Structures are given as C-alpha cells and as structure tokens.
Amino acid sequence: MAKANTSKLNITPAPGYLLIEPQEVQTKTSGGIYLAENVNAEKPQKGKVLAVGEKDGKKESPAQKGDEVVYKKWGGNEYKHEGKEYTFIKFEDILAIIK
C-alpha cells in the first residue's frame, strides 16, 4: 500500500480511499478585504492527494499522489493530526482532477 510521505504523516489509506489535504479556506478577498468566519462555513471541495490506498495490490484510483482534485461536498471523513485537518475520500467521490 502507498504511504503518505510528508514530514508529519505516515498514514496508509485503506483500500479504495485517498488521503486528501483540503485546500485552505480563503480568509481574504483578492482586493484585500477580510471575510467573516461565518462566510466560509462550507466545507472545502478541493484538495491535494497525499496518498492512495490500493485494492488487490494495485491502484485503481482516478487520481494519483500529488494531483489536485475536486470531490463531493459532503463526502469523506475528516481526520485531525497535530492540529491540521485531512480528509479520507472514497475513489468514487472524486468528481474531477484539476490539471
């Protein structure tokens, strides 16, 4: 199984799952205006793939490690490690790969 090789994590997703680092929520507009916290109450839908779980010894994922992906709004399970949030997403919850 593939392992996330980041400085803080050593996690292998279960078969059929991707480990995603969700995109940071914007706190400031491009014009420099700070946004209120309740404006960004929605969960992010974009993130970077950190690791891919394998099924039967092979990767069947639509995305690979390092890809930026769009996933279902309410899909996945959040996991917190050392104050940082990560998300485990099922392969079928990936909607698009951003190139």
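This briefing covers the sheet and the nonpolar cores of the structure above. The model is predicted. Its 6 strands form an open sheet with antiparallel pairing, and the largest nonpolar core has 10 residues.

**Sheet arrangement**
- The strand order across the open sheet is β4-β5-β1-β2-β3-β6.
- At the edges lie β4 (77–81) and β6 (94–98), each of which pairs on one side only.
- From one strand to the next, the twist averages 40°.
- In general, strands of a sheet pair through backbone hydrogen bonds, in either a parallel or an antiparallel manner.

**Pairing around β2**
- The antiparallel strands β1 and β2 are joined by 5 bridges.
- Across this pair, L19 stands opposite A51, and E21 stands opposite K48.
- On the β3 side, 3 bridges join β2 to β3, again in an antiparallel arrangement; here K46 stands opposite V70.
- β2 is mostly covered, with 5 of its 7 residues buried.

**Nonpolar cores**
- The members of the largest core are L18, I20, V49, V52, A63, V69, Y71, I89, F91 and I94.
- At least two residues of this core come from each of β1 (17–22), β2 (46–52) and β3 (68–71).
- A second, separate core of 7 residues includes L9, I11, L50 and Y86.
- Nonpolar side chains tend to be buried together in soluble globular proteins.

**Contacts of V69**
- Leaving aside residues up to four places away in sequence, V69 touches I20, Q45, K46, G47, V49, A63, I94, A96 and I97.
- Among these contacts, I20, V49, A63 and I94 are, like V69, members of the largest core.

How values were computed: Residues numbered from 1 in each chain as written. Predicted model: local features only at pLDDT ≥ 70, side-chain atom pairs only at ≥ 80, totals over all residues. Heavy atoms only, no water. Core = buried A, V, L, I, M, F, W, Y, C linked by side-chain atoms within 4.5 Å. Buried < 20%, exposed > 50% of the residue type's maximum accessible area, 1.4 Å probe, protein only. Helix = DSSP H or I, 4+ residues; strand = E, 2+ residues; numbered from the N terminus. Contact = heavy atoms within 4.5 Å. Pairing = 2+ DSSP bridges. Axes fitted to C-alpha atoms, helices over the stretch in contact; angles between N-to-C directions.
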